[in-house]
Amino acid sequence: MNSPTVSRTILASILLFFFILSAQATIAVFKFDDPDKEARFKQFSEELRCLVCQNQSLADSNAELAMDLRNELYKMIQNDATDDEIVSFMVDRYGDFVLYKPPVKPTTWILWFGPFILTAIGLIILLRMIRNTGKQSNAKLSAEEQKRLDDLLKNEKEDSRL
Amino acid sequence: MARFLIPLALFIALAIFLGIGLTRDPKLVPSPLIDKPSPAFELSRLYEPEQKFSEKEFLGKVSIFNVWASWCAACRQEHPFLMTLAKENAVTIYGLNYKDTREDAKRWLMQYGGNPYKAIAYDDTGRAGMDWGVYGVPETFLIDKKGIVRYKHVGPLHPQVWQEQILPFIQKLRAE
């Protein structure tokens, strides 16, 4: 092994070590006696979005607000809050934005049904195009075209007789 | 003709929608508090720890409620403008000192030109801030005479947003 590879391997292991360390630090803070509660905590912290770093869930984010919200979530789950209570706690404060899965309501109809409508429109257009191509190949000839075709065929027969 | 115009029209419509999407700031999350009564809270005051500050403070006048902290860099940028508003007596300004220590908060105000707030609620744990849906300091809420939240501005207040959005809104609320 040459030296750049060695140093790269060392660097990678150091980075990996810190990564594992930080990942554990996030989880270890919350202790549950009941595995069901732990599962709920995990599920909710992955389904709720951190508002500070918007593409991370509460579970992933190291932002201070995410930490506070994880604490709040922990308390609620320990106190046997229902799913609705937890979701409305978050939505009342931060809006539907915190939910990775937004509720179905008039303002989110486009979001929920738009893709299906677009697919349906696409399918209709596709079907019509297929049907039209089929029609064109079987299309009937106009009287003039038919006459020309007959003439050509007749000439062909006469030619072959010669 | 329609064969070419329809895809062209679809393309233009898509370009317009995507263009609008580009101009919007994804950091601005609409607040669910708008047009709702301000969340109930009771905190001690920054300068008078023995006195309480609750949402009842907002009743009877139009006011702004500004969330700030000594550790927040953007608050420093906003502070001179809040001082100007306070000097001009433009509106009653209340503060929510968010996740800070009393010493740091007071020192910060001394250091950066004074105290523009009529009263400051001291929220060291950030629990009241959570009820207000605070996610990025500074944030400013506009509250009407009945204590209802009417508008929220995320980020530092600046003269442009004041002139164009907040001041006209305050005048409207005062007339209500």
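**Close-up views of chains A and B**

**View 1. Ala63(A) and its surroundings in the predicted model.** Leaving out neighbours within four places in sequence, Ala63(A) makes contact with Cys50(A), Val52(A) and Cys53(A). The structure shown here and in the views that follow is a predicted model. Ala63(A) belongs to the loop between α2 and α3 of chain A, and for one of its partners, Cys50(A), the separation is 13 residues in sequence and 8.0 Å in space, taken from C-alpha to C-alpha. Is Ala63(A) buried or exposed? With a relative accessible area of 15%, Ala63(A) is buried, because buried is the term for anything under 20%.

**View 2. Ser61(A) in the loop between α2 and α3 of chain A.** The loop that holds Ser61(A) runs between α2 (35-47) and α3 (64-78) of chain A, and Ser61(A) is buried there, its relative accessible area being 0%. The side chain of Ser61(A) reaches the backbone nitrogen of Ala63(A), the residue of View 1, at 3.0 Å. When residues up to four places away in sequence are not counted, Ser61(A) touches Cys50(A), Cys53(A), Gln56(A), Ala66(A) and Arg70(A). Cys50(A) and Cys53(A) are thus among the residues touched by Ser61(A), and they are also among those in contact with Ala63(A).

**View 3. Chain A with its helices and domains.** Chain A contains six helices and zero strands, so that its pattern, as read along the sequence, is α-α-α-α-α-α. The domain assignment divides out domain 1 (30-103) and domain 2 (108-161) of chain A, and the C-alpha centres of these two domains lie 57 Å apart. Of the 162 residues of chain A, 23% count as buried. Among the contacts in chain A with a separation of 6 or more, 51% are accounted for by residues 24 or more positions apart.

**View 4. The contact between chain B and chain A.** How many residues does each chain bring to the contact? Chain B supplies 15 residues and chain A supplies 15 residues, and between them the two chains bury about 1300 Å², of which 51% is on carbon and sulfur atoms. On the side of chain B, the residues that lose the most area to chain A are Val29(B), Met130(B) and Tyr135(B), which together make up 41% of what that side buries. The rule finds four salt bridges across this interface, and Asp131(B) forms a salt bridge with Arg93(A), in which the closest N and O atoms are 2.7 Å apart. Helix α4 (residues 127-131) of chain B gives the largest share of the side of chain B that touches chain A, namely three residues. By character, the residues on that side of chain B divide into nine nonpolar, two polar and four charged.

**View 5. His153(B) in strand β8 of chain B.** His153(B) lies in strand β8, which covers residues 148-154 of chain B, and His153(B) is buried, with a relative accessible area of 11%. Which backbone atom does the side chain of His153(B) reach? The partner is the backbone oxygen of Pro156(B), at 3.1 Å. Apart from residues up to four places away in sequence, which are not counted, His153(B) touches Pro138(B), Glu139(B), Thr140(B), His158(B), Val161(B) and Ile166(B).

Definitions and conventions. Residues numbered from 1 in each chain as written. Chains lettered and ligands numbered in written order. Predicted model: local features only at pLDDT ≥ 70, side-chain atom pairs only at ≥ 80, totals over all residues. Heavy atoms only, no water. Domains from an automatic or database assignment. Helix = DSSP H or I, 4+ residues; strand = E, 2+ residues; numbered from the N terminus. Buried < 20%, exposed > 50% of the residue type's maximum accessible area, 1.4 Å probe, protein only. Polar contact = N/O pair within 3.5 Å; in protein donor to acceptor, adjacent residues only side chain to side chain. Contact = heavy atoms within 4.5 Å. Buried area = accessible area lost by both parts, 1.4 Å probe. Salt bridge = Lys/Arg side-chain N within 4 Å of Asp/Glu carboxyl O. Nonpolar A, V, L, I, M, F, W, Y, C, P; charged D, E, K, R; others polar.
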